[in-house]
Amino acid sequence: IEAVLFTAPGERVMRPDFGSGLLGLVFEPAGAELVAATQYLVQGSLQQWLGHLIAVDLVDVAQEDGTLTVKVEYVVLETNERAVAAFTKAVS
(Lines give C-alpha, C1' and ligand atoms only; values in the text may rest on other atoms or scores of the structure.)
Protein backbone atom coordinates (compact mmCIF):
# COMPACT_ATOMS: atom_id res chain seq x y z
CA ILE A 1 0.00 0.00 0.00
CA GLU A 2 2.77 2.38 0.93
CA ALA A 3 4.57 1.78 -2.38
CA VAL A 4 1.42 2.58 -4.37
CA LEU A 5 0.58 5.70 -2.38
CA PHE A 6 4.04 7.23 -2.23
CA THR A 7 5.23 6.49 -5.77
CA ALA A 8 4.62 9.32 -8.20
CA PRO A 9 3.35 8.40 -11.67
CA GLY A 10 6.34 8.44 -14.01
CA GLU A 11 8.80 7.59 -11.25
CA ARG A 12 9.24 3.95 -12.32
CA VAL A 13 10.79 3.56 -15.75
CA MET A 14 9.27 0.19 -16.61
CA ARG A 15 5.86 1.11 -15.17
CA PRO A 16 5.39 4.84 -15.81
CA ASP A 17 1.71 4.79 -14.85
CA PHE A 18 2.31 3.07 -11.47
CA GLY A 19 1.64 5.11 -8.34
CA SER A 20 -0.89 7.55 -7.04
CA GLY A 21 0.52 11.07 -6.92
CA LEU A 22 -0.48 11.42 -3.27
CA LEU A 23 2.64 13.37 -2.38
CA GLY A 24 1.70 16.01 -4.93
CA LEU A 25 -1.46 16.75 -2.96
CA VAL A 26 0.57 17.69 0.10
CA PHE A 27 1.39 20.99 -1.62
CA GLU A 28 -2.22 21.81 -2.48
CA PRO A 29 -4.19 24.32 -0.39
CA ALA A 30 -5.76 22.69 2.66
CA GLY A 31 -9.53 22.29 2.81
CA ALA A 32 -12.49 20.03 2.12
CA GLU A 33 -11.48 19.75 -1.55
CA LEU A 34 -8.09 18.34 -0.57
CA VAL A 35 -9.73 15.74 1.67
CA ALA A 36 -12.17 14.65 -1.06
CA ALA A 37 -9.48 14.53 -3.74
CA THR A 38 -7.24 12.47 -1.47
CA GLN A 39 -9.99 9.93 -0.73
CA TYR A 40 -10.76 9.54 -4.41
CA LEU A 41 -7.10 9.25 -5.38
CA VAL A 42 -6.25 6.69 -2.69
CA GLN A 43 -9.31 4.51 -3.37
CA GLY A 44 -8.75 4.52 -7.12
CA SER A 45 -5.01 3.86 -6.97
CA LEU A 46 -5.37 0.97 -4.54
CA GLN A 47 -8.16 -0.57 -6.62
CA GLN A 48 -6.12 -0.26 -9.80
CA TRP A 49 -2.84 -1.63 -8.49
CA LEU A 50 -3.80 -3.89 -5.60
CA GLY A 51 -7.40 -4.85 -6.38
CA HIS A 52 -6.33 -8.45 -7.03
CA LEU A 53 -4.74 -8.64 -3.54
CA ILE A 54 -6.89 -6.52 -1.24
CA ALA A 55 -10.43 -5.22 -0.91
CA VAL A 56 -10.51 -1.68 0.44
CA ASP A 57 -13.31 -1.21 2.98
CA LEU A 58 -12.66 2.38 3.98
CA VAL A 59 -10.46 5.31 3.10
CA ASP A 60 -10.62 7.92 5.83
CA VAL A 61 -8.87 11.24 5.26
CA ALA A 62 -8.56 13.84 8.00
CA GLN A 63 -6.96 17.24 7.93
CA GLU A 64 -6.10 18.91 11.21
CA ASP A 65 -3.54 21.52 12.25
CA GLY A 66 -1.57 21.37 9.01
CA THR A 67 -1.47 17.58 8.94
CA LEU A 68 -3.12 15.24 6.44
CA THR A 69 -3.84 11.75 7.74
CA VAL A 70 -4.89 8.89 5.47
CA LYS A 71 -6.23 5.68 7.00
CA VAL A 72 -7.00 2.66 4.84
CA GLU A 73 -8.99 -0.28 6.18
CA TYR A 74 -8.78 -3.33 3.96
CA VAL A 75 -9.13 -7.09 3.73
CA VAL A 76 -6.39 -9.34 2.33
CA LEU A 77 -8.30 -11.43 -0.20
CA GLU A 78 -6.21 -14.58 0.11
CA THR A 79 -6.52 -14.87 3.89
CA ASN A 80 -9.61 -12.75 4.69
CA GLU A 81 -7.46 -10.95 7.25
CA ARG A 82 -8.51 -7.40 8.10
CA ALA A 83 -5.86 -4.73 8.45
CA VAL A 84 -5.38 -0.98 8.76
CA ALA A 85 -2.65 1.20 7.28
CA ALA A 86 -2.32 4.83 8.34
CA PHE A 87 -0.05 7.56 6.99
CA THR A 88 0.45 11.17 8.11
CA LYS A 89 2.01 14.07 6.18
CA ALA A 90 2.32 17.79 6.84
CA VAL A 91 0.43 20.01 4.38
CA SER A 92 1.35 23.49 3.27
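**A buried threonine and the chain around it**

Thr38 is buried, with a relative accessible area of 0%, a value that falls under the 20% below which a residue counts as buried. This residue belongs to a predicted model, and within that model Thr38 lies in helix H3, the element that spans residues 32–50. Leaving aside residues up to four places away in sequence, the contacts of Thr38 are with Leu22, Leu25, Val61, Leu68 and Val70.

From this one position the view can widen to the whole chain, which is built from three helices and three strands. Read from the N terminus on, these elements follow one another in the order α-α-α-β-β-β. The radius of gyration of the chain is 13 Å, close to the 12 Å that the globule rule gives for 92 residues, so the chain is as compact as a globular protein of that length. Taken along the principal axes, the box that the C-alpha atoms fill comes to roughly 40 × 30 × 15 Å.

Thr38 can also be set beside figures for the chain as a whole, in which buried residues make up 34% of the 92 residues. Among the contacts with a separation of 6 or more, 33% are accounted for by residues 24 or more positions apart.

Turning to the outside, the chain exposes about 5600 Å², and carbon and sulfur atoms supply 54% of that area. The chain also carries 5 positive and 12 negative charges, and the mean positions of these two groups are 6 Å apart.

Technical notes. Residues numbered from 1 in each chain as written. Predicted model: local features only at pLDDT ≥ 70, side-chain atom pairs only at ≥ 80, totals over all residues. Heavy atoms only, no water. Helix = DSSP H or I, 4+ residues; strand = E, 2+ residues; numbered from the N terminus. Rg over C-alpha atoms; globule rule 2.2 N^0.38 Å. Buried < 20%, exposed > 50% of the residue type's maximum accessible area, 1.4 Å probe, protein only. Contact = heavy atoms within 4.5 Å. Areas by Shrake-Rupley, 256 points an atom, 1.4 Å probe, with all protein chains shown as cover. Lys, Arg positive; Asp, Glu negative; His and termini not counted. Charge placed at Lys NZ, Arg CZ, Asp CG, Glu CD.
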